[in-house]
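Q: I'm new to this one, so could you take a close look at a single part for me? I'd like to hear about the charged pairs and what surrounds them.

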Amino acid sequence: MSAVEAKLAELGLRLPEVVPPLAAYRPAVLSGRYVYTAGQLPMVDGELALTGKVGAEVTAEEAKELARTCALNALAAVKSVAGDLDRVARVVKVTGFVASAADFTGQPGVLNGASELLVDVLGDKGVHARSAVGVAVLPLDAPVEVEIQVELTGTD
């Protein structure tokens with residue numbers, strides 16, 4: 001077990017299986033020392049955890065937890081191309097999308113779920129730049145979608 005996966009276990013979490021693509025793309029792509037993930041939805045055991053708009057059918061607190069799930073799915077996607085999460089030198093960028101009710105303005109708080117998870121798991125290597133974007137709708141009516149860019153140590 002890698003040190004990162006041991007840290008996940010210590011936090012009571014497990015790295016999920018990579019979520020299969022919903023269309024014509026790959027969950028993650030390795031380019032040089034960087035891994036770029038596709039947008040990850042809050043899928044748990046092959047099912048979307050919740051649907052709807054944040055600020056309407058989904059609370060901000062629920063959405064924050066869903067963003068954590070998205071970040072876990074993103075780490076699984078990174079591992080699928082990097083081979084080992086201990087190769088992560090740092091998380092460079094997180095981009096999060098929040099399907100928002102018209103009057104919902106708490107997108108940064110929702111995306112803190114993903115950001116905090118990455119720091120909890122990776123420590124200083126998990127500190128990153130981030131964008132939190134409110135959108136009208138996401139695939140499958142998901143409330144949240146998160147993608148990450150990661151720099152790896154060395155190359156294969």
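A: Here is a walk through the salt bridges, with a stop at a neighbouring topic along the way.

First, some ground rules. This is a predicted model, where local features need pLDDT of at least 70 and side-chain atom pairs count only at pLDDT 80 or more, while totals for chains, interfaces and linings use all residues. Residues are numbered from 1 along each chain as its sequence is written, and side-chain values use heavy atoms, with hydrogens and water left out.

Side chains of opposite charge can pair when their charged atoms come close. A salt bridge here is a side-chain nitrogen of Lys or Arg within 4 Å of a carboxyl oxygen of Asp or Glu. Searching the whole structure turns up seven of them; let's visit a few.

Start with Glu10 and Lys7, whose closest N and O atoms are 3.1 Å apart. Both sit in helix 1 (residues 3-10), and because they are three residues apart, about one helical turn separates them. Helices (H or I, at least four residues) and strands (E, at least two) are DSSP runs, numbered from the N terminus. Glu10 is exposed at 60% relative accessibility, whereas Lys7 is partly exposed at 27%. For those words, buried means under 20% relative accessible area, exposed over 50%, and partly exposed in between (1.4 Å probe, protein chains only).

Next come Glu151 and Arg33, with 2.6 Å between the closest N and O atoms. Glu151 belongs to strand 7 (residues 144-152) and Arg33 to the loop between strand 1 (28-31) and strand 2, so this pair ties together parts that are 118 residues apart in sequence. Glu151 is buried, with a relative accessible area of 15%, but Arg33 is partly exposed at 37%.

Then there's Asp141 with Lys53, a salt bridge at 3.4 Å, N to O. Asp141 is in the loop between strand 6 (129-135) and strand 7, and Lys53 is in the loop between strand 4 (47-48) and helix 2 (60-82), so the link joins parts 88 residues apart in sequence. Asp141 is partly exposed, at 30% relative accessible area.

Now for that stop: Thr37, in strand 2 (residues 34-37). Thr37 counts as buried because its relative accessibility is 8%. Its side chain reaches the backbone nitrogen of Ile148 at 2.9 Å. Leaving aside residues up to four places away in sequence, Thr37 touches several residues, including Pro27, Ala74, Val78 and Glu147; contact means heavy atoms within 4.5 Å.

Technical notes: A polar contact is a pair of N or O atoms within 3.5 Å; within protein, one must be able to donate a hydrogen and the other to accept it, and residues adjacent in sequence count only if both atoms are side-chain atoms.
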